[in-house]
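Q: Please take a close look at one part of this predicted model, and then work outwards to whatever lies around it. I would like the cut-offs spelled out as you go.

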Amino acid sequence: MSKVIIYAPNVHFGGGAVLLKELLRSCPTDKKIVFILDERYKSYSDVGDNINALYFSSSIYGRIEAELYVRKNSTHQDHIVCLHNIPTIFNHRGKLTVFLQNRLIVDRESRYGCGYKAKIKLNLESYLMKLRGRGGTVSYIVQTESMAQGLRRLLGMKAPDIKVLPFAGSSILSKHAKQKVLTDYIYVASAEPHKNHQNLLEAWEILMTQYGQLPRLQLTIPPNAVSLKQTIEIYKKKGLKIDNLGTLEHEQVLESLCRAKALIYPSKTESFGLPLIEAMSLNVPILASELDYVRDVSVPTETFDPNSPLSIARAVARYEGYEKKPREVLSSVFFWNAILR
C-alpha cells in the first residue's frame with residue numbers, strides 16, 4: 001500500500017509550524033500518512049495519538065538519520081512531501097514534492113541584512129534547489145503567484161510545473177471574530193533583518209517628533225534577539241510607547257490581533273505573510289508594504305514604501321486622519337528673500 005511521508009525537519013516555530021499544526025489537525029484518517037518531525041516541535045504543539053509521527057534530532061546527525069530513514073522506508077509508490085523548503089539531499093524512489101515557504105531561498109536581493117552564516121546557508125539551499133529542481137524529478141507547491149514567479153526565475157527554462165496552493169487554518173479564526181477591543185498597532189514578526197523593525201521604529205519616532213502623536217506599538221520579538229531588544233529600549237527612552245509581547249503561541253497571536261486597532265506590516269519580503277491572512281479573516285485593518293507578497297493574500301487599508309520610515313509614518317497618519325498637507329510650492333521670489341535677508 002502506498003503512503004505519504006510528510007518530511008518536516010527544522011519546522012518547529014513561526015508560520016511553518018502553524019501550517020504544520022493545521023496539516024496534523026486535518027490529516028485524513030483513511031490514508032497511510034507518516035510524519036517525520038523535528039524533536040523541537042514537541043514543545044510547540046501536541047500531536048494526537050492517531051498520528052503516525054517519528055521525531056529526529058535537529059543536529060546534523062539527526063538530519064542524516066532522518067534522511068536515511070526516509071530512503072530506507074520509501075518505495076516507488078510513495079509520495080514524499082518536504083515541508084522544510086528544500087528537496088531531500090538523498091535521492092528516493094518515491095515521488096518528491098517540496099512545499100516552499102522561504103522566499104529568501106529564491107530571491108537573492110531579499111537577503112540584504114542577513115548575517116554571513118545565514119547567507120552561506122541560503123546560497124547552499126538555492127544551489128540544491130537548482131540542482132534537484134531542473135531535472136523534472138521534483139515538483140513544487142508554493143502559496144502565492146509572486147512566490148511561483150521567483151521560483152521559476154531561480155530554476156530557469158527547465159522549471160517544473162509549480163502549483164500555487166495557499167492554505168491556512170480557518171477553523172480557529174471564527175471564535176475570535178467577536179472579541180475585538182481596540183488598542184493600537186501590532187506587528188507580528190520575528191527579528192530577522194528583512195522584517196524591517198528598524199525602519200518601523202524610526203517611523204514611530206517621526207510620528208512623535210513631526211506629528212506630535214504617540215500611538216502604542218506592540219511587537220513580538222523573541223528573547224534571543226538581544227540587539228533588537230536593546231534598540232527598542234533606546235526608542236522607549238525617547239518617549240515612544242512600545243510593548244514587546246515576546247514569543248506568542250498562535251492562539252495568543254489571534255487574541256492580540258483582535259485587540260489591535262490595526263496590523264502594521266513593514267516586512268520587505270515574505271513567502272506568504274500568515275499574519276496578513278489572519279488579520280483579513282478577523283477584519284483587522286492592515287497597513288503594509290506596497291509589495292507583491294502583500295497583495296497576493298490581502299487588501300491593505302494603507303500601503304507604504306518599506307524602505308522609507310517617513311512613508312511608513314505618513315501611512316499611519318493617513319489612517320489616523322492627521323496627515324499633513326504637502327508644502328505649498330512658492331515662487332522664486334521667496335528664494336531670493338531667504339538668501340538676501
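**Helix α2 and its surroundings**

A: Let's begin with helix α2, residues 60-73: at 1.5 Å a residue, its 14 residues should span 20 Å, and the end C-alpha atoms are indeed 20 Å apart, so the two agree. The expected span is 1.5 Å times one less than the number of residues. Helices (H or I, at least four residues) and strands (E, at least two) are DSSP runs numbered from the N terminus. This is a predicted model, in which local features need pLDDT of at least 70 and side-chain atom pairs count only at pLDDT 80 or more, while totals for chains, interfaces and linings use all residues. Residues are numbered from 1 along each chain as its sequence is written, and side-chain values use heavy atoms, with hydrogens and water left out.

Gly 62, Ala 66, Glu 67 and Val 70 are the buried residues of α2. They cover an arc of only 140° around the axis, which places them on the same side of the helix. The arc is that of the directions from the helix axis to the C-beta atoms. Ile 60, Tyr 61 and Lys 72, on the other side of α2, are exposed. Here buried means under 20% relative accessible area and exposed over 50%, with partly exposed in between (1.4 Å probe, protein chains only).

What covers that buried side? The cover includes β1 (4-8), β2 (33-38), β3 (52-56) and β4 (79-82). α2 lies across these four strands and runs at about 170° to β1. Contact means heavy atoms within 4.5 Å; axes are lines fitted to C-alpha atoms, for helices over the stretch in contact, and angles run from 0 to 180 degrees between N-to-C directions.

Those strands belong to an open sheet of seven, in the order β3-β2-β1-β4-β5-β6-β7, with parallel pairing. β3 and β7 (162-164) are at the edges with a single partner strand each, so one side of each has no neighbour in the sheet. From one strand to the next, the twist averages 20°. Two strands pair if DSSP finds at least two bridges between them. β1 and β2 pair over five bridges in the parallel sense: Tyr 7 has Ile 36 of β2 as its bridge partner, and Ala 8 has Leu 37. β1 is mostly covered, with four of its five residues buried. Helix α1 (residues 14-25) also lies across β1 and β2, together with β5 (95-99), and runs at about 150° to β2.

Further along the chain there is another open sheet, of six strands in the order β10-β9-β8-β11-β12-β13, again with parallel pairing. Its edge strands are β10 (242-244) and β13 (302-304), each with a single partner strand, so one side of each is left without a neighbour in the sheet. Direction ignored, neighbouring strands here are turned by 20° against each other on average. β11 (residues 262-265) and β12 pair in the parallel sense over three bridges, and Tyr 265 has Ala 288 of β12 as its bridge partner. Helix α9 (residues 274-281) lies across β11 and β12, at about 160° to β11.

Within β12 (residues 286-289) sits Ile 286, which is buried at a relative accessible area of 1%. Leu 263 is 23 residues away along the chain, yet the two C-alpha atoms are separated by 4.9 Å. Leaving out residues up to four places away in sequence, Ile 286 touches residues including Leu 263, Leu 276, Met 280 and Pro 300.

For a helix-on-helix contact, look at α6 (residues 197-209) and α7 (residues 226-237), which pack at about 5° with their axes 11 Å apart. They are therefore roughly parallel to each other, a label for angles under 35 degrees (over 145 is roughly antiparallel, 65 to 115 roughly perpendicular and the rest oblique).

Finally, some backbone angles. Most residues other than glycine have a negative phi. Asn 85, in the loop between β4 and β5, has a positive phi of about 80° and counts as buried at 15% relative accessibility. Asn 196 lies in the loop between β8 and α6; its phi is positive too, about 70°, and Asn 196 is buried at 5%.
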